Protein chains: 2
Amino acid sequence: MALLRSWVESANGADCPFPLNNLPYGVFSTTGTAPRCGAAIGDMIVDLAACEALGLLDAGGTFSQPQLNGFMALGRAEWDRVRARLTELLAENSGTQLPLVPMAKAQMHLPIRVTGFTDFYASKNHAFNVGVLFRGPENALPPQWTHMPIGYNGRASSVVVSGTPIRRPMGQIRGEAGPDWAPCRRLDLELELGAIVGADSTMGERVSVEKAEAMIFGYVLLNDWSARDIQAWEYQPLGPFQAKALGTTIGAWVVTQAALEPFRSPGAERVNPLLPYLQEARPGFYDLQVGWTMNGQVMGRTNYNVMYYSSAQQLAHHSSSGCPLRVGDLLGSGTISGPTRDATGALLEMTEGGKTPVMVNGAPRTFIEDGDEIDLFAHARGDGYCIGFGPCTGKILPAKP
Amino acid sequence: MALLRSWVESANGADCPFPLNNLPYGVFSTTGTAPRCGAAIGDMIVDLAACEALGLLDAGGTFSQPQLNGFMALGRAEWDRVRARLTELLAENSGTQLPLVPMAKAQMHLPIRVTGFTDFYASKNHAFNVGVLFRGPENALPPQWTHMPIGYNGRASSVVVSGTPIRRPMGQIRGEAGPDWAPCRRLDLELELGAIVGADSTMGERVSVEKAEAMIFGYVLLNDWSARDIQAWEYQPLGPFQAKALGTTIGAWVVTQAALEPFRSPGAERVNPLLPYLQEARPGFYDLQVGWTMNGQVMGRTNYNVMYYSSAQQLAHHSSSGCPLRVGDLLGSGTISGPTRDATGALLEMTEGGKTPVMVNGAPRTFIEDGDEIDLFAHARGDGYCIGFGPCTGKILPAKP
């Protein structure tokens with residue numbers, strides 16, 4: 001697919017993350033105005049609430065809400081219709097003017113009301129690397145790992161938008177004689193993609209992989225901040241809890257499935273056939289360069305297509321017991337790690353559990369220190385254009401003892 | 001404390017679960033009317049929305065909402081004021097008439113919009129018994145168990161009100177060569193008390209045990225249905241997921257902390273001192289008889305005061321990383337099991353992992369079969385009165401292959 005040119009000139013550069021081909025949705029406000037829905041184009045935001053008020057677009061008034069849940073609940077046919085209309089209105093020769101706000105003057109908000117947050121574990125490299133560190137090489141990959149997308153429920157209330165500072169947590173950490181109560185000493189990031197569920201399913205009914213894919217509205221970058229020392233002490237037998245509740249940062253821009261469609265890609269090679277309820281008729285991954293920086297330095301870089309389970313497979317598994325999915329559910333892909341150290345999406349892996357420091361701006365580092373800023377990035381490259389996700393950043397504040 | 005007599009005669013019997021001393025809140029509707037808030041008194045429901053409309057009570061209009069979240073968000077001072085006013089209006093010589101609806105004509109709804117569901121693991125007997133079955137006697141009690149209330153995030157969307165049928169889940173179950181896809185063969189209940197959080201906390205701020213207690217609005221009975229065979233295959237290393245997502249049943253009536261205050265009790269004896277952030281100034285448990293029936297036969301019976309961690313301690317720990325709590329969060333106590341088999345709150349323990357059947361209405365049984373109905377009960381005994389919770393019941397429908 002080639003670049004779609006827009007009358008918003010800044011959207012036409014080959015490296016602009018937000019060309020007309022992208023049109024991600026978000027929630028923004030400007031000084032003295034209420035949060036409402038917008039779409040990114042070049043370095044501007046289309047004020048979708050104002051477009052509705054002017055009669056240029058119709059989304060049932062949902063764009064004046066302070067999150068995308070109302071719009072998502074309208075259903076896929078409306079997502080497609082509104083996207084087509086916006087593409088028409090923003091095209092080079094549309095002859096229309098739209099209410100635009102410069103990104104530089106906007107404050108971004110959490111794009112969705114997070115109904116539920118589920119985090120998966122779908123990179124085989126990551127699962128193996130972390131398994132070795134937590135349980136040794138013999139028990140590294142759990143026996144069910146190649147048969148199901150392992151996941152756990154996270155905490156929806158601690159999901160925040162890119163730019164929100166994250167406080168280093170206090171917690172129980174294994175000590176000489178029982179646990180210490182101390183600030184986390186092994187604070188880490190997790191580079192993930194988050195799938196946003198845009199439709200409800202019915203309790204007691206399973207969702208097929210095909211239907212699951214149709215329920216996914218779009219994707220955001222997601223950093224699942226992790227306190228590794230708190231995790232090591234608390235996580236057996238019921239899974240991570242406070243180690244993952246200090247905060248989860250998501251990007252402000254929701255890139256739609258439609259924008260990613262040209263980049264569809266197979267994922268990692270299968271070790272064994274999947275049970276029928278998890279089989280996909282077509283590849284459910286995307287050729288998407290992803291990575292992360294620490295204080296501006298690129299640290300890890302890989303591709304989303306290293307993953308073993310797609311978001312649609314994760315959603316199908318999530319519903320396999322009859323568990324209902326809801327508009328606004330957020331499904332974390334799991335840490336995206338490639339096979340080499342410089343392709344890993346967490347410091348735990350990159351530093352081999354803190355044993356092998358990495359150089360950051362000339363100094364050796366293992367885990368995240370106070371004041372450090374972590375940012376994630378993702379982009380897909382088309383013919384003369386780029387689909388970007390915008391920043392997913394967070395700076396660490398010192399613990400409050 | 002003695003019975004408070006009401007002009008609603010059915011509330012004055014010594015065995016009535018809903019005397020004036022209790023006044024639990026719920027959400028109900030009658031044919032052709034919208035769900036709204038009510039309070040139980042004897043065999044009647046006070047229509048609190050109608051009371052507000054008549055000017056008899058003031059709760060800012062929140063009682064006409066279809067869940068208690070709006071009322072809870074008003075804060076503890078309002079909870080106390082409204083309770084005092086209701087007690088006055090319903091007292092024997094109040095001389096007032098209130099709009100009442102017979103319970104027999106009402107349909108009960110989920111009393112709260114469940115913002116988050118967290119399940120704990122706070123009975124030492126249960127943790128040990130289940131630990132032996134899943135991991136053997138040497139690794140039964142995890143090393144951190146006596147230092148922290150272990151918990152995990154459950155799935156809020158599958159919480160349903162008492163009386164909702166529960167469908168037996170399909171799932172992956174360990175087989176000879178890889179997993180089978182089959183209906184759950186080891187379906188179980190878990191007898192729990194659920195604490196309902198009635199106030200928000202701030203992200204990045206810890207909540208003390210004392211403040212945590214003040215944030216708890218009340219308690220419901222809670223049955224955390226569990227698919228033990230799905231659980232055994234899936235739960236390592238990230239905890240239970242689909243095994244616990246088929247449904248969680250809660251009672252329709254929220255018994256307030258105020259009603260339980262006269263029954264405050266110490267819990268289980270401490271094995272070691274707790275870290276300061278978990279220490280309670282006064283006992284946070286209640287002398288509350290709890291138990292469960294299967295198809296009408298009493299199976300297990302124990303007391304909530306066998307527990308090791310109170311709901312306030314669980315909430316404090318939940319916030320220890322800075323995780324914000326929200327109005328409408330539901331905290332499951334964990335299975336309440338006493339020291340003997342007939343005091344256990346799950347079939348897994350009662351049948352020793354299915355090896356020792358129990359007799360139910362004359363026939364040997366291990367796990368739950370299709371058509372079985374499980375009900376939970378709880379009551380505290382005062383001087384000539386009883387604080388009951390109402391039913392917490394669910395009937396199992398066959399799996400949909």
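The following questions and answers deal with a predicted model, its annotated binding site, the contact between its chains and some of its salt bridges.

Trainee: Which residues does UniProt list for "binding site"?
Mentor: The annotation comes from an unreviewed UniProt entry. Its residues span 106 residues in sequence, yet no two of their C-alpha atoms are more than 10.8 Å apart, so they gather at one spot. The residues listed are A:D119, A:E190, A:E192 and A:D224.

Trainee: Is A:E190 buried or exposed?
Mentor: A:E190 sits in the loop between β12 (187-188) and β13 (191-197) of chain A. A residue counts as buried under 20% relative accessible area. The value for A:E190 is 4%, so this residue is buried.

Trainee: Which residue has a side chain joined to that of A:E190 by a polar contact of 2.9 Å?
Mentor: Leaving out residues up to four places away in sequence, A:E190 touches several residues, among them A:D119, A:H126, A:D224, A:R228 and A:K244. The polar contact of 2.9 Å is between side chains, and the partner of A:E190 in it is A:R228.

Trainee: Which residues are linked with A:E190 in a network of salt bridges?
Mentor: Side chains of opposite charge can pair when their charged atoms come close. A:D224, which UniProt also lists for "binding site", belongs to the network that holds A:E190. The residues linked with A:E190 there are A:D188, A:D224, A:R228 and A:K244.

Trainee: What is the relative accessibility of A:E192?
Mentor: A:E192 is placed in strand β13 of chain A. Not counting residues up to four places away in sequence, its contacts include A:D119, A:D224, A:T335 and A:L376. A:E192 counts as buried, and its relative accessibility is 0%.

Trainee: What rotation superposes chain B on chain A?
Mentor: The superposition has an RMSD of 0.0 Å, with 0.0 Å of shift along the axis. The two copies are thus related as by a two-fold rotation axis. In chain B, the C-alpha nearest that axis is that of B:G239, 2.1 Å from it. The rotation is 180°.

Trainee: How many residues of chain B are in contact with chain A?
Mentor: Of the interface residues of chain B, 100% are also interface residues in chain A, so the copies meet through the same surface. On the side of chain A, 59 residues take part, and the number for chain B is 59.

Trainee: What area do chain B and chain A bury between them?
Mentor: The size of an interface is often given as the accessible area lost when the parts come together. Here 59% of that area is on carbon and sulfur atoms. B:R155, B:L238 and B:F241 supply 16% of what chain B buries against chain A, more than any other three residues. The area that the two chains bury between them is about 5300 Å².

Trainee: How many salt bridges are counted between chain B and chain A?
Mentor: There is a salt bridge between B:D329 and A:R155, whose closest N and O atoms are 2.5 Å apart. Polar contacts between the two chains come to 28 residue pairs, both residues being at pLDDT 80 or more. The count of salt bridges between chain B and chain A is 4.

Trainee: How many residues apart in sequence are the parts tied together by A:E92 and A:R5?
Mentor: The two side chains meet in a salt bridge of 3.2 Å, N to O. A:E92 lies in the loop between α3 (76-90) and β4 (100-102) and A:R5 in the segment before β1 (25-29) of chain A, so the pair ties together parts whose separation in sequence is 87 residues.

Trainee: Which residue forms a salt bridge with A:R381?
Mentor: A:R381 is in strand β25 (residues 373-381) of chain A, and its partner is in the segment before β1, 366 residues apart. A:R381 counts as partly exposed at 48% relative accessibility, whereas the partner, at 57%, is exposed. With closest N and O atoms 2.9 Å apart, the residue paired with A:R381 is A:D15.

Trainee: Which residue meets A:E261 in a salt bridge?
Mentor: A:E261 is in the loop between α7 (257-260) and β18 (264-265), and the partner is in the loop between β18 and β19 (285-286), 21 residues apart. A:E261 is partly exposed at 33% relative accessibility, and the partner is partly exposed at 44%. The N to O distance is 3.7 Å, and the partner of A:E261 is A:R282.

Note on methods: Residues are numbered from 1 along each chain as its sequence is written. Chains are lettered from A and ligands numbered from 1 in the order in which they are written. This is a predicted model: local features need pLDDT of at least 70, side-chain atom pairs count only at pLDDT 80 or more; totals for chains, interfaces and linings use all residues. Side-chain values use heavy atoms; hydrogens and water are left out. UniProt positions are given in the numbering used here, feature names are shortened, and annotations may be inferred rather than shown by experiment. Helices (H or I, at least four residues) and strands (E, at least two) are DSSP runs, numbered from the N terminus. Buried means under 20% relative accessible area, exposed over 50%, partly exposed in between (1.4 Å probe, protein chains only). Contact means heavy atoms within 4.5 Å. A polar contact is a pair of N or O atoms within 3.5 Å; within protein, one must be able to donate a hydrogen and the other to accept it, and residues adjacent in sequence count only if both atoms are side-chain atoms. Copies are superposed by least squares on the C-alpha atoms of residues with pLDDT of at least 70 in both. Buried area is the accessible area (1.4 Å probe) that two parts lose on being put together, summed over both.
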